Amino acid sequence: MASNDPLLDIAVAVADGSPVDWNSAASSAGSEEDRRLLEQLQLIAAVTSRPDCWGPFRLIDSVGRGIFGEVFRAWDTRLDREVALKLLHRERTEAVGHGSAVVHEARLLARIRHPNVVTVHGADSIDGQVGIWTEFVAGETLDAEVKRDGPLTSARAIEVGIAVARA
């Protein structure tokens with residue numbers, strides 16, 4: 001939700017990790033004090049921002065996060081295609097033995113071919129962080145649907161249940 005204060009909106013974007021058009025913000029800064037605050041916000045954003053790549057993958061945007069890691073829409077620069085990249089939190093990576101168990105599980109999942117299951121393209125550990133990349137499926141999550149529309153109707157719950165069971 002936008003406020004009446006552009007600097008507050010930028011500060012919220014920095015806190016959320018959202019992209020900021022710094023050139024536009026600088027050109028619309030009214031006073032010298034606003035420009036100084038804007039420079040400080042840009043410095044904070046640079047220090048706290050997520051890396052924009054992981055190995056050969058360029059991170060485009062975050063599409064979800066959970067207990068084990070964060071999922072990004074990413075670009076595989078080696079194969080020139082969009083992928084979903086799940087990066088495990090570093091503490092989770094340490095808990096599973098530097099990721100070898102996760103990489104092994106990804107190898108097993110990569111053998112599965114089914115229209116209701118994403119295709120696993122690979123898994124690796126780079127600089128101590130484990131990632132798994134799969135095909136990217138654009139669309140809305142079930143969680144987002146429920147938040148938007150409320151509880152599933154019986155018919156929708158059956159439809160989702162059948163799709164999951166088929167997978």
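**Overall form and two buried acidic residues**

In this predicted model, buried residues make up 23% of the 167 residues in the chain. The surface that the chain exposes amounts to about 11400 Å², and 55% of that area is supplied by carbon and sulfur atoms.

The secondary structure of the chain consists of seven helices and six strands, and, read from the N terminus on, the elements follow the order α-α-α-β-β-β-β-α-α-β-β-α-α. The radius of gyration of the chain is 20 Å, whereas the globule rule gives 15 Å for 167 residues, a value that the chain exceeds well, so the chain is more spread out than a compact globule. Along its principal axes, the C-alpha trace spans about 60 × 45 × 30 Å. As for contacts across the sequence, among those in the chain with a separation of 6 or more, 37% are between residues 24 or more positions apart.

The chain carries 18 positive and 25 negative charges, and the mean positions of these two sets are 8 Å apart. Two acidic residues of strand S3, Glu70 and Asp76, can be followed in more detail.

Strand S3 covers residues 69–76, and Glu70 is found in it. With a relative accessible area of 10%, Glu70 falls under the 20% limit and is therefore counted as buried. Which side chains does the side chain of Glu70 meet in polar contacts? One is the side chain of Ser62, at 2.6 Å, and another is the side chain of Arg65, at 3.1 Å. A further spatial relation links Glu70 to Gly131, since these residues are 61 apart in sequence while their C-alpha atoms are 9.6 Å apart in space.

Asp76 also lies in strand S3. Is Asp76 buried or exposed? Its relative accessible area is 1%, and because the limit for burial is 20%, Asp76 is classed as buried. A polar atom of the Asp76 side chain lies 2.9 Å from the backbone nitrogen of Arg78. When neighbours within four places in sequence are left aside, the residues in contact with Asp76 are Pro56, Phe57, Arg81, Val83 and Trp133.

Taken together, the description of strand S3 given here rests on two buried residues, Glu70 and Asp76, of which Glu70 has side-chain polar contacts with Ser62 and Arg65, while the side chain of Asp76 has a polar atom 2.9 Å from the backbone nitrogen of Arg78.

Key. Residues numbered from 1 in each chain as written. Predicted model: local features only at pLDDT ≥ 70, side-chain atom pairs only at ≥ 80, totals over all residues. Heavy atoms only, no water. Helix = DSSP H or I, 4+ residues; strand = E, 2+ residues; numbered from the N terminus. Rg over C-alpha atoms; globule rule 2.2 N^0.38 Å. Buried < 20%, exposed > 50% of the residue type's maximum accessible area, 1.4 Å probe, protein only. Contact = heavy atoms within 4.5 Å. Areas by Shrake-Rupley, 256 points an atom, 1.4 Å probe, with all protein chains shown as cover. Lys, Arg positive; Asp, Glu negative; His and termini not counted. Charge placed at Lys NZ, Arg CZ, Asp CG, Glu CD. Polar contact = N/O pair within 3.5 Å; in protein donor to acceptor, adjacent residues only side chain to side chain.
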